[in-house]
Amino acid sequence: MMLHPGNHGTVMSSRTSALSMTVLMTVAAVLVVVDAYSSGPPLTSCSSMRPTGHGTSTVTGSAPYTITTSKSSYVAGDEIEVTISGGNFIGFFLQARRRDSGADSSTAVGSFSSIDTTRTKVIACGGNALSAWSHRSNALKSSVTATWTTPDDEGTIAFRATIVQGPSSDKYWTDLYSDEISSGSAGGNTTVTDMTQTQTAKPSTTESGVMQTQTERPATTDAGDAINSSATLIVTSLCGAILLRMLMNNFFW
């Protein structure tokens, strides 16, 4: 079978076009993935907070980063500043999670606000549009700060983070936590109530004791003095009468 030169060129051209299209699609897919991760984690990572597409982390040892907060306890509606610092990094993903035994610790709670929108952004995890906070770009960062608040008492919470050190995507730490932040509503009310009861009871008892002492002691003392005075007057009068009688008997006898 003989191939005509024109047909051979057509076949080669089709193969070249198909190969070029495959390469372009692959490059485009890679660019989309890289751009997605550099601009923040995907919503599929909300629960696990694991950086998909980064491969296994190659970092070893303790993370150089700290997650600090402006308060160690809170009541519903309080604002808490949370800061990531301790070294340079390019990406992060942070949520507030419940820490009490038996509580749902897999869902982000509360809302983030007052963020640097040029470098960071909020993400809608668990149906809450402001429940997670992350990087917006892979620009180098040394610290970031946001404000967290919740309208509900979520019990004890802590901030959990995944931090990508970079510059390569396989240098990251997961499951980094801040110190636990306790719910202070119940404890605060109990303390105030106990203090009020103590302050009310003690002065009442003390004042009652003082009044009783001041009322009873003078009454007892006055009565005793009156009795003693009467007895002395009677004795003196009798002695005087006896003496007078003796003198008169001596005088008129």
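**Disulfide**

I began with the cysteines of this predicted model. I counted 1 disulfide. The bond joins Cys46 to Cys125, with the sulfurs 2.0 Å apart. I looked up its handedness next. The torsion about the S-S bond is -70°, and the link of Cys46 and Cys125 is left-handed.

Where do Cys46 and Cys125 lie? I found Cys46 in the loop between α1 and β1, and Cys125 in strand β6 (residues 120-125). The two are 79 residues apart in sequence, so the pair ties together separate parts of the chain. I also checked whether they are buried or exposed. Both Cys46 and Cys125 are buried.

**Met49, in the loop of Cys46**

I stayed in the loop between α1 and β1, where Met49 also lies. Its phi caught my eye. Met49 is not a glycine, yet its phi is positive, about 60°. I looked up the accessibility of Met49 as well. The value is 2%. Buried means under 20%, so Met49 counts as buried.

**Whole chain**

I stepped back to the overall layout. The protein chain has 2 helices and 11 strands. I read the order from the N terminus as α-β-β-β-β-β-β-β-β-β-β-β-α. Of the 253 residues in the chain, 25% are buried. The chain exposes about 16100 Å², and carbon and sulfur atoms supply 60% of that area.

I then asked what share of the contacts with a separation of 6 or more comes from residues 24 or more positions apart. The share is 66%.

**Confidence**

I noted the pLDDT before going on. The average for the protein chain is 75. I see 58% of the residues scoring at least 70. Residues 22-36 have a pLDDT below 50, and this stretch makes 0 contacts beyond near neighbours in sequence. I found the pLDDT below 50 over residues 246-253 too. That stretch also has 0 contacts in the model beyond near neighbours in sequence.

**Aromatic pairs**

I turned to the rings. The count is 8 aromatic pairs. I took Tyr65 and Trp173 from these. They form an edge-to-face pair, with 5.9 Å from centre to centre and 80° between the planes. Tyr65 sits in the loop between α1 (5-38) and β1 (66-69), and Trp173 sits in strand β10 (residues 172-177). The pair links distant parts of the chain, 108 residues apart. Tyr65 and Trp173 are both buried.

I looked at Trp148 and Phe159 next. This aromatic pair is also edge-to-face, at 5.6 Å centre to centre and 90° between the planes. Which parts does the pair tie together? Trp148 is in strand β8 (residues 144-149) and Phe159 is in strand β9 (residues 157-164), so the pair ties together parts 11 residues apart in sequence. I found Trp148 buried, and Phe159 buried too.

I then followed the ring pairs outward. They link Tyr65, Tyr74, Phe89, Phe92, Phe112, Trp133, Trp148, Phe159 and Trp173 into a cluster. Both pairs I looked up have their residues in this cluster.

**Arg99 and Tyr177**

I checked for a charge over a ring. Arg99 lies over the face of Tyr177. The distance from the ring centre is 4.3 Å.

**Ser178**

I moved on to Ser178, in the loop between β10 and β11 (182-183). Is Ser178 buried or exposed? Its relative accessible area is 8%. The cut-off for buried is under 20%, so Ser178 is buried. What does Ser178 contact, leaving aside its neighbours within four places in sequence? I listed Ile67, Thr69, Ala158 and Phe159. Phe159 is also one of the residues in the aromatic cluster.

**Backbone checks: Asp175 and Pro167**

I looked at Asp175, which is in strand β10. Its phi is near 55°, a positive value in a residue other than glycine. The relative accessibility of Asp175 is 32%, so it counts as partly exposed.

I ended with the peptide bond that joins Gly166 and Pro167. The bond is cis, with omega about 0°. I placed Pro167 in the loop between β9 and β10.

Definitions and conventions:
Residues numbered from 1 in each chain as written. Predicted model: local features only at pLDDT ≥ 70, side-chain atom pairs only at ≥ 80, totals over all residues. Heavy atoms only, no water. Phe/Tyr/Trp six-rings, centres within 6.5 Å; stacked < 30°, edge-to-face > 60°. Helix = DSSP H or I, 4+ residues; strand = E, 2+ residues; numbered from the N terminus. Buried < 20%, exposed > 50% of the residue type's maximum accessible area, 1.4 Å probe, protein only. Lys NZ or Arg CZ within 6 Å of the ring centre and 35° of its normal. Contact = heavy atoms within 4.5 Å. Disulfide = S-S within 2.5 Å. pLDDT = per-residue confidence, 0-100. Areas by Shrake-Rupley, 256 points an atom, 1.4 Å probe, with all protein chains shown as cover.
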